[in-house]
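Colleague: Could we go through this model together, one arrangement at a time, with the reasoning spelled out for each answer?

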Amino acid sequence: MNDIDAWVWWLVGAAALGIPLVVTAMPEFGMLAVGAVAAAGFAGLGFGAVGQVLAFVVVSVALIAVVRPIAVRHGAQRPRLATGVDALKGKQAVVLERVDASGGRIKLAGEVWSARALDTGRAYEVGQEVDVVEIEGATAIVI
């Protein structure tokens, strides 16, 4: 064991920390692996065991304290670009066939959609502009 330099052991430790990173997808293991690489660098520069361990601890804790909250905040954000039917909510459409509580047709985003009025007592006539408030299956709910 004394024949192998300390920096090699730190790199082996970094590789060993990379395995649970891949298996569990927990980024903390990657941050610890970076700390081990930093400790390997310190060992390569000739620092003693205390300096190597301090480098490992300081780099690992700093990454976990700084990067992890940013990653958690970024992961919690909803995508800013709405896609699919979510992108159609709030859009305006033109009535092609009279729309009431029982149904009708509208032109929405260049396509013809079946539609029905949100307010059961309201009807929209041909040519009138309406707003899409919801999509239920293949039917747009409009006001």
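Modeller: Two strands are taken to pair if DSSP finds at least two bridges between them, and the model we are looking at is a predicted one.

Colleague: With that in mind, in which sense do S2 and S3 pair, parallel or antiparallel?

Modeller: Strands of a sheet pair through backbone hydrogen bonds, and either sense is possible in general. Between S2 and S3 there are four bridges, and Leu 108 has Glu 111 of S3 as its bridge partner. The sense in which S2 and S3 pair is antiparallel.

Colleague: Which residue in the loop between S2 and S3 has a positive phi although it is not a glycine?

Modeller: Most residues other than glycine have a negative phi. In the loop between S2 and S3 one residue is found whose phi is positive, at about 55°, and whose relative accessibility of 61% makes it count as exposed. That residue is Ala 109.

Colleague: How do S3 and S5 pair, and which residue of S5 is the bridge partner of Arg 116?

Modeller: S3 and S5 are joined over four bridges, and their pairing is in the parallel sense. Within S5, the residue that serves as bridge partner to Arg 116 is Ile 141.

Colleague: Which residues point the other way from S5, opposite to Thr 139 and Ile 141?

Modeller: In a regular strand the side chains alternate between the two faces of the sheet. In S5, Thr 139 and Ile 141 point one way, and the residues on either side of this division are all buried. Those that point the other way are Ala 140 and Val 142.

Colleague: What is the bridge partner of Val 132 in S5, and which residue in the turn of the S4 and S5 hairpin has a positive phi?

Modeller: S4 and S5 pair in the antiparallel sense over four bridges, and in S5 the partner of Val 132 is Val 142. The two strands form a hairpin with two residues between them, and the turn residue with a positive phi, about 65°, is Gly 137.

Colleague: In what order do the strands of the closed barrel run?

Modeller: The barrel has five strands with mixed pairing, as seen in S2 and S3, which are antiparallel, and in S3 and S5, which are parallel. From one strand to the next the twist averages 50°. The order is S1-S2-S3-S5-S4.

Colleague: Which residues have the most contacts inside the largest nonpolar core?

Modeller: This core has 15 residues, and the elements that give two or more residues to it are S1, S2, S3, S4 and S5. Val 132, for instance, touches residues that include Leu 88, Ala 93, Ile 106, Leu 108, Ala 140 and Val 142. The residues with the most contacts inside the core are Ile 106, Leu 108, Val 132 and Val 142.

Colleague: Why is H1 described as roughly antiparallel to H2?

Modeller: Angles over 145 degrees count as roughly antiparallel. Helix H1 (residues 6-24) and helix H2 (residues 27-44) have axes 8 Å apart, and they pack at an angle of about 170°, which means that H1 is roughly antiparallel to H2.

Colleague: How many residues in the contact of H1 with H2 are nonpolar, polar and charged?

Modeller: The contact is made by residues including Trp 7, Trp 10 and Leu 17 of H1 and Phe 29, Leu 32 and Val 37 of H2. A second, separate core of eight residues includes Leu 17, Ala 36, Ala 39 and Ala 40. By class, the contact has 17 nonpolar, four polar and no charged residues.

Definitions and conventions: Residues are numbered from 1 along each chain as its sequence is written. This is a predicted model: local features need pLDDT of at least 70, side-chain atom pairs count only at pLDDT 80 or more; totals for chains, interfaces and linings use all residues. Side-chain values use heavy atoms; hydrogens and water are left out. Axes are lines fitted to C-alpha atoms, for helices over the stretch in contact, and angles run from 0 to 180 degrees between N-to-C directions. Angles under 35 degrees count as roughly parallel, over 145 as roughly antiparallel, 65 to 115 as roughly perpendicular and the rest as oblique. Contact means heavy atoms within 4.5 Å. Ala, Val, Leu, Ile, Met, Phe, Trp, Tyr, Cys and Pro count as nonpolar, Asp, Glu, Lys and Arg as charged, and the others, Gly among them, as polar. A nonpolar core is a set of buried Ala, Val, Leu, Ile, Met, Phe, Trp, Tyr and Cys residues joined through side-chain atoms within 4.5 Å. Buried means under 20% relative accessible area, exposed over 50%, partly exposed in between (1.4 Å probe, protein chains only). Lists of a residue's contacts leave out its neighbours within four places in sequence.
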